[in-house]
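Work through these exercises with the model open. Try each task before you read its solution.

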Amino acid sequence: MKTSLSQAFGRNFLGASPLWYKQIILAFLIINPIVLVVLGPFVAGWLLIIEFIFTLAMALKCYPLQPGGLLAIEAVVLGLTTPEGVYTEVSHNIEVILLLMFMVAGIYFMKDMLLFIFNKLLVKIKSKIVISLIFSFSAAVLSAFLDALTVTAVLISVGVGFYSVYHKAASGQSSNKNHDHGKDDSILPVNTEDLNEFRSFLRDLLMHGAVGTALGGVATLVGEPQNLLIAKVAGWNFGEFFLYVAPVSIPVLICGLLTVVVLEKTAWFDYGAQLPDTVRDILNNFEKEESQKHTNKTKAQLIIQGIVAIVLVLSLAFHVAEVGLVGLMVIVLLTSFNGIIEEHRIGHAFEESLPFTALLVVFFTVVSVIHSQHLFQPVIDVVLNMPTDSQPIMLFMANGLLSAISDNVFVATVYINEIKAALDAGTITREHFDKLAVAVNTGTNLPSVATPNGQAAFLFLLTSAIAPLLRLSYGKMVWMALPYTIVLSLVGGLCVVYLL
């Protein structure tokens with residue numbers, strides 16, 4: 001049947017997305033100007049935030065860049081923000097953009113070594129609780145000295161590697177044959193149940209690891225982008241930052257790791273999936289086959305990857321340069337010494353990072369709307385006008401809530417500048433300022449695990465190649481993060497009240 005031109009336009013719009021989804025996005029675009037005229041920019045701005053969160057929630061139906069980008073363009077056209085405002089937000093976050101462009105690509109060239117190491121761990125360690133603790137604790141330690149997005153990139157690379165190995169075997173295809181692990185058409189019926197269980201197993205590990213990045217990221221000056229900002233305003237060095245935050249970060253880390261054990265023991269919130277014996281056997285055989293295939297050339301490549309990994313850790317731990325520039329150095333070193341000199345081979349490394357980088361710029365447009373329309377100002381005013389004794393816990397709660405809605409770096413910037421102004425004006429003492437600064441830091445880092453848009457690492461995981469493979473939707477991430485949200489918020493809040 002021949003398609004009319006109007007039907008072709010309709011089908012081309014957002015491609016293979018469901019019709020109802022296309023209709024909702026069009027409805028958003030039509031309603032926004034009406035709301036702006038009738039109810040004003042404040043309401044229109046909050047509506048835009050809700051609409052953007054909807055596009056993130058439906059990430060498995062359509063990558064959020066397209067619908068979110070249309071909303072962002074409309075926001076600029078309607079005057080909710082300006083191109084200059086968007087550029088300002090992007091320029092303030094250039095470190096994060098460089099990180100995504102280069103560090104994630106750099107990790108891509110380390111995937112052979114990462115798969116080699118983690119495969120040995122998975123095959124040798126039979127206890128799911130132990131392997132879950134290793135993922136969570138390793139992510140926490142690495143995030144404290146590196147950064148959460150880099151660690152998440154490692155987790156994603158490892159997860160995709162494991163999944164593709166088993167998916168190929170479950171399809172009955174030889175290991176040297178090209179295989180599309182994104183489609184289940186060729187999966188043998190006998191392997192369907194094991195594949196679903198393996199998906200759940202990997203999903204558990206990735207969520208434990210992702211939350212681990214928050215547990216470690218809160219603790220040090222370099223753990224998260226907003227930590228550096230807060231430390232700069234407060235005048236804290238690395239050691240001072242750690243000591244000021246430790247009364248909150250250390251108990252939260254311990255309780256977070258205990259939560260891993262409880263979730264795996266009880267199988268609550270969809271945790272507790274075990275690695276099927278057939279999958280373990282396949283991964284074991286894969287490791288043996290790969291070991292047998294190792295020539296001096298492949299051994300040399302693994303050695304180079306190991307050496308560059310050490311250089312990477314030391315460079316980030318001592319903050320010798322911005323994270324993104326360190327990532328570019330990693331790309332140059334790994335490709336130079338491992339003989340990857342063709343443009344198309346290098347290009348594959350950027351396939352994962354650049355779509356998310358573009359999405360993050362769209363996200364910064366929404367943050368610019370928040371800034372331009374002062375959408376958070378009522379909450380800020382209420383908290384800072386409260387009695388002095390209740391301000392730390394209220395700051396912790398307000399920062400957590402607003403970070404879960406928008407961007408924790410933006411929220412931290414707003415609040416730390418407000419309390420610094422109060423200190424400079426003599427309204428609060430230095431001791432009280434330090435308490436409030438810790439409340440801002442922990443508030444933006446801990447309760448914000450509630451939603452994928454609350455933390456860049458979570459958003460990166462949601463929109464990565466691994467999410468559709470493991471059926472990791474926005475709702476599933478919120479559900480699996482819920483026990484951690486409760487524990488981190490309660491423990492963090494109690495520590496802010498009683499231990500600071």
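**Exercise 1.** Classify T192 as buried, partly exposed or exposed.

*Solution.* Start with the cut-offs: buried is under 20% relative accessible area, exposed is over 50%, and partly exposed lies in between (1.4 Å probe, protein chains only). T192 has 36% relative accessibility, so T192 counts as partly exposed. Next, place the residue: T192 lies in helix α10 (residues 192-217). Helices here are DSSP runs (H or I, at least four residues), numbered from the N terminus. Last, take a distance. The C-alpha atoms of T192 and G68 are 35 Å apart, with the two positions 124 residues apart along the chain.

Two notes on the input. This is a predicted model, where local features need pLDDT of at least 70, side-chain atom pairs count only at pLDDT 80 or more, and totals for chains, interfaces and linings use all residues. Residues are numbered from 1 along each chain as its sequence is written, and side-chain values use heavy atoms, with hydrogens and water left out.

**Exercise 2.** Describe how α3 packs against α4.

*Solution.* Two packed helices are described by the angle between their axes and the distance between the axes. Axes are lines fitted to C-alpha atoms over the stretch in contact, and angles run from 0 to 180 degrees between N-to-C directions. Helix α3 (residues 41-57) and helix α4 (residues 65-77) give an angle of about 160° and axes 9 Å apart. Angles over 145 degrees count as roughly antiparallel. Therefore α3 and α4 are roughly antiparallel to each other.

Now list the contact (heavy atoms within 4.5 Å). L48, E51, F52 and T55 in α3 meet P67, G68, L71 and A75 in α4. These contact residues divide into 5 nonpolar, 2 polar and 1 charged.

**Exercise 3.** Repeat the analysis for α20 and α21.

*Solution.* The axes of helix α20 (residues 408-424) and helix α21 (residues 430-445) come within 10 Å and cross at roughly 175°. That makes α20 roughly antiparallel to α21. The contact residues divide into 10 nonpolar, 2 polar and 2 charged. Among those in α20 are V411, Y415 and I419. Those in α21 include F433, L436 and V440.

**Exercise 4.** Which residues of α7 are buried, and what covers them?

*Solution.* Helix α7 (residues 111-124) has 14 residues. Its buried residues are M113, L114, L115, F118, N119, L122 and V123. The cover includes α6 (94-108), α8 (128-145), α9 (148-170), α10, α13 (277-293) and α14 (296-317).

Notes:
Helix = DSSP H or I, 4+ residues; strand = E, 2+ residues; numbered from the N terminus. Expected span 1.5 Å × (residues − 1). Parallel < 35°, antiparallel > 145°, perpendicular 65-115°, else oblique. Nonpolar A, V, L, I, M, F, W, Y, C, P; charged D, E, K, R; others polar.
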